[in-house]
Amino acid sequence: MNQNHEQISPNCNVFVRGSKSRLGREIVKALVQSKSMEGAIERDEYGGSFATLESIHPNNQNILVLSSGRSTPKSNAIECAREFADFMVMVKGFKANRLLTPGDILVFISSGGTVYGSGSGIKSESSSPNPLNAYGHLKLKQEDTLLSFAADLDVKCLILRLANAYSGTVVSPKGLIDSLLAFRQGSKPMSIAVSGKSRKQYGVFSDYANHSLLAINNFITSKDLVRVQNLFSQHSYSIFDITLQICEKRKLRLDEVCHFEYKEEIAVEDTVELSSKYLIDSSRYHWKSLEEVLETFGR
């Protein structure tokens, strides 16, 4: 399997806000391992973890990647409102410190499924947003804020709407797959509140990091000043697929691991699958499947 990492031009300075988040950590790691950046200096700044890649040059183009946030699709309106308030403080800090100047690039990691909402059909960038929860509304509000911020500073803006991501480990599990992998036999069964027929795309964070950098490089060389782009793994699974595969791998009975609270007769099926109009050659970066992750799990 190709272990190379996408290289960003040496004529760019790269900053990652949220460098200790699950995706931000992988983006920093990929940049360092690509040898396009020799190392990273991490510190707490702008209200969170902030990585500055070494070899910073004042005449280089700056790339600021925002990959952070405490909220999840389960967060309520009050929690999301608090996060937006903190987000605005961060954005004002960037402006006050002139971190971005005309011609620089702002990249925001957003969410695909929660922004487009559930329903039948494939969602492309031209699909209308239809957020169904506070988290989806938060992401759209952040996107709109950054688009205005970028226009005000005359910088380019790339918004990446990601499908579902997971670590494939039991360290700090979040989300369905990691929680199932970390489930301890004898624990109270997990409650799953969506349809077992719900189908979404799933990829590991390290693969999303490489494909995010690939999308950034493609955006740098394009003539676009603004781009909203869906980013997703080629592998999609239903909730039933996931739970059955993981239970079989771990030799656990499905009924002792989880139970479904979803009411098929009254709820809308929670299926979101993404497509994209931006054709980027991603053949050099393999998307690991859940089956491949499970083959090496526990070794």
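Which strands does helix 6 lie across, and at about what angle does helix 6 run to strand 10? I shall answer that after a word on the model.

This is a predicted model, in which local features need pLDDT of at least 70 and side-chain atom pairs count only at pLDDT 80 or more, while totals for chains, interfaces and linings use all residues. Residues are numbered from 1 along each chain as its sequence is written, and side-chain values use heavy atoms, with hydrogens and water left out.

Helix 6, residues 205–221, lies across strand 8 and strand 10, and runs at about 85° to strand 10. Helices (H or I, at least four residues) and strands (E, at least two) are DSSP runs, numbered from the N terminus. Axes are lines fitted to C-alpha atoms, for helices over the stretch in contact, and angles run from 0 to 180 degrees between N-to-C directions.

Let me turn to the sheet. It is an open sheet of three strands in the order 8-10-12, with mixed pairing; two strands pair if DSSP finds at least two bridges between them. Strand 8 (164–166) and strand 12 (236–238) are the edge strands, each pairing on one side only. From one strand to the next, the twist averages 45°. Strand 8 and strand 10 (residues 199–204) run parallel and are joined by three bridges. Asn164 has Tyr202 as its bridge partner in strand 10. Helix 7 (residues 239–250) also packs on the sheet, where helix 7 touches strand 10 and strand 12; contact means heavy atoms within 4.5 Å. The direction of helix 7 makes about 85° with that of strand 12.

I come next to a pair of helices. The axes of helix 1 (residues 22–33) and helix 6 cross at roughly 60° and come within 8 Å. Helix 1 is therefore oblique to helix 6, given that angles under 35 degrees count as roughly parallel, over 145 as roughly antiparallel, 65 to 115 as roughly perpendicular and the rest as oblique. Helix 1 contributes Arg22, Leu23, Glu26, Ile27, Ala30 and Leu31 to the contact, and helix 6 contributes Phe205, Ser206, Tyr208, Ala209, Asn210 and Leu213.

Finally, I consider one residue. Is Val257 buried or exposed? Val257 lies in helix 8 (residues 254–257). Val257 counts as buried because its relative accessibility is 1%; buried means under 20% relative accessible area, exposed over 50%, partly exposed in between (1.4 Å probe, protein chains only). Not counting residues up to four places away in sequence, Val257 touches Leu180, Phe183, Pro189, Met190, Cys247 and Leu252.
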